[in-house]
Amino acid sequence: MIEHHVSDDLLLEYAAGALDEASSLLIATHLALCPPCRAVVRDAEAMGGALLDGEPPEAMSERSPNNVLERVARPPADPAVRANTHGGADRWAGANLPQPLRGYVAETLSQRPWRRIAPGLRQLVLGTASGPTTARLFHLAPGKRIPVHSHRGLELTLVLQGTYRDECATFARGDVAQLDDSVTHRPVVDPSEECLALAVTQAPLRFRSTVMRLIQPLVGV
Ligand code: ZN
Ligand code: ZN
């Protein structure tokens with residue numbers, strides 16, 4: 001049962017095709033797991049279509065959702081690409097992932113492997129359009145603690161497997177944590193299971209620890 005959803009504001013921006021590719025990918029992945037949010041987007045799209053009905057054709061084509069939505073909704077990559085993966089964290093390239101994510105992960109893994117950035121923490125930066133936001137998968141070992149940090153701009157995290165908790169709440173498969181620069185937190189993965197999460201950030205995290213700030217450019221978070 002999903003308890004933490006994408007805000008209505010973001011769903012409406014998504015429906016209007018107004019979000020960047022990384023954020024659209026995260027929201028499309030949440031929608032694949034969340035019927036209530038799908039209904040909100042469906043209603044928003046229907047209302048948008050009704051508003052556009054009275055406009056001349058040129059205006060309609062200008063305002064139709066841009067190709068970001070088409071890209072995140074495209075079918076999974078060719079099976080030959082997907083077969084080009086190995087064991088370990090790479091197994092997440094397969095059917096465990098919601099459909100909108102599969103093509104991105106398969107394509108990324110055909111170009112580069114998961115990168116270990118700390119004990120019990122691997123990341124895979126996904127190949128979304130370059131811009132202010134970055135989409136990455138985090139694979140965290142059971143019980144892994146992320147050092148206390150805050151954010152620059154919006155941070156969206158969608159849990160795909162396992163559970164983590166922070167000072168605010170507990171997040172399980174399908175849950176989205178939507179945090180801004182007012183929040184400082186220290187996520188901890190449940191000790192019983194590894195955790196896979198998709199995170200979209202607008203800028204590097206802001207760590208409290210001096211050591212973390214020093215190594216941050218090296219590990220790229
Ligand atoms: Zn939802
Ligand atoms: Zn955070």
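Trainee: Why is His-151 called buried?

Mentor: Its relative accessibility is 1%, and buried means under 20%, so His-151 counts as buried. Keep in mind that this is a predicted model.

Trainee: Where does His-151 sit along the chain?

Mentor: His-151 is in the loop between strand E4 (149-150) and strand E5 (155-161).

Trainee: What is His-151 in contact with, leaving aside neighbours within four places in sequence?

Mentor: Leu-179, Asp-180, Asp-181, Val-183, His-185, Leu-205 and Arg-206.

Trainee: What makes the pairing of His-151 with His-149 a polar contact?

Mentor: The distance between the side chains of His-151 and His-149 is 3.3 Å, and the cut-off for such N or O pairs is 3.5 Å. The side chain of His-151 also makes a polar contact with the side chain of His-185, at 3.2 Å. As for His-149, it is buried too.

Trainee: Which residues are the protein donors of the zinc ion (ligand 2)?

Mentor: His-149, His-151 and His-185 each give NE2, and Glu-155 is listed twice through OE. These donors lie 2.1 to 2.7 Å from the zinc ion, and the cut-off for a donor here is 2.8 Å, so they qualify.

Trainee: What spacing do those donors follow along the chain?

Mentor: The pattern is H-x1-H-x3-E-x29-H.

Trainee: On to another histidine. How do you know that His-139 is buried?

Mentor: The value for His-139 is 11% relative accessibility. Set that against the limit of under 20%, and His-139 counts as buried. This residue lies in strand E3 (residues 134-140), and a polar contact of 3.0 Å joins its side chain to that of Glu-194.

Trainee: Why is helix H7 (residues 99-109) described as largely enclosed by the rest of the structure?

Mentor: Because 8 of its 11 residues are buried. The buried ones are Pro-100, Leu-101, Gly-103, Tyr-104, Val-105, Ala-106, Thr-108 and Leu-109.

Trainee: How do you know that Thr-108 belongs among the buried ones?

Mentor: Thr-108, found in helix H7, has 2% relative accessibility. Buried means under 20%, so Thr-108 counts as buried.

Trainee: What does the side chain of Thr-108 reach?

Mentor: The backbone oxygen of Tyr-104, at 2.7 Å.

Trainee: And what does Thr-108 contact beyond its neighbours within four places in sequence?

Mentor: Leu-124, Val-125, Leu-126 and Gly-127. Take Leu-126: it is 18 residues from Thr-108 in sequence, yet the C-alpha to C-alpha distance is 5.9 Å.

Trainee: Now for the outside. Why does Leu-214 count as exposed?

Mentor: Exposed means over 50%, and Leu-214 has 63% relative accessibility, so it counts as exposed. You'll find Leu-214 in helix H8 (residues 210-219).

Trainee: Which residues form the nonpolar patch on the surface?

Mentor: Val-211, Leu-214 and Ile-215. Together they have about 290 Å² of accessible area.

Trainee: Zooming out, how many helices and strands are in the protein chain?

Mentor: There are 8 helices and 11 strands. Of the 221 residues, 44% count as buried. The chain exposes about 11100 Å², with carbon and sulfur atoms supplying 55% of that.

Trainee: What share of contacts between residues at least 6 apart in sequence join residues at least 24 apart?

Mentor: In this protein chain, 68% of them do.

Terms used. Residues are numbered from 1 along each chain as its sequence is written. Chains are lettered from A and ligands numbered from 1 in the order in which they are written. This is a predicted model: local features need pLDDT of at least 70, side-chain atom pairs count only at pLDDT 80 or more; totals for chains, interfaces and linings use all residues. Side-chain values use heavy atoms; hydrogens and water are left out. Donors are N, O and S atoms within 2.8 Å of the metal (3.2 Å for Na, K and Ca); water is not among the atoms, so sites may look incomplete. Buried means under 20% relative accessible area, exposed over 50%, partly exposed in between (1.4 Å probe, protein chains only). Patches are made of residues with over 30% relative accessible area and no salt bridge: like charges are joined within 9 Å, nonpolar side chains (Val, Leu, Ile, Met, Phe, Trp, Tyr) within 5 Å. Accessible areas come from the Shrake-Rupley method with a 1.4 Å probe; for residues, only the protein chains shown count as cover. A salt bridge is a side-chain nitrogen of Lys or Arg within 4 Å of a carboxyl oxygen of Asp or Glu. Helices (H or I, at least four residues) and strands (E, at least two) are DSSP runs, numbered from the N terminus. A polar contact is a pair of N or O atoms within 3.5 Å; within protein, one must be able to donate a hydrogen and the other to accept it, and residues adjacent in sequence count only if both atoms are side-chain atoms. Contact means heavy atoms within 4.5 Å.
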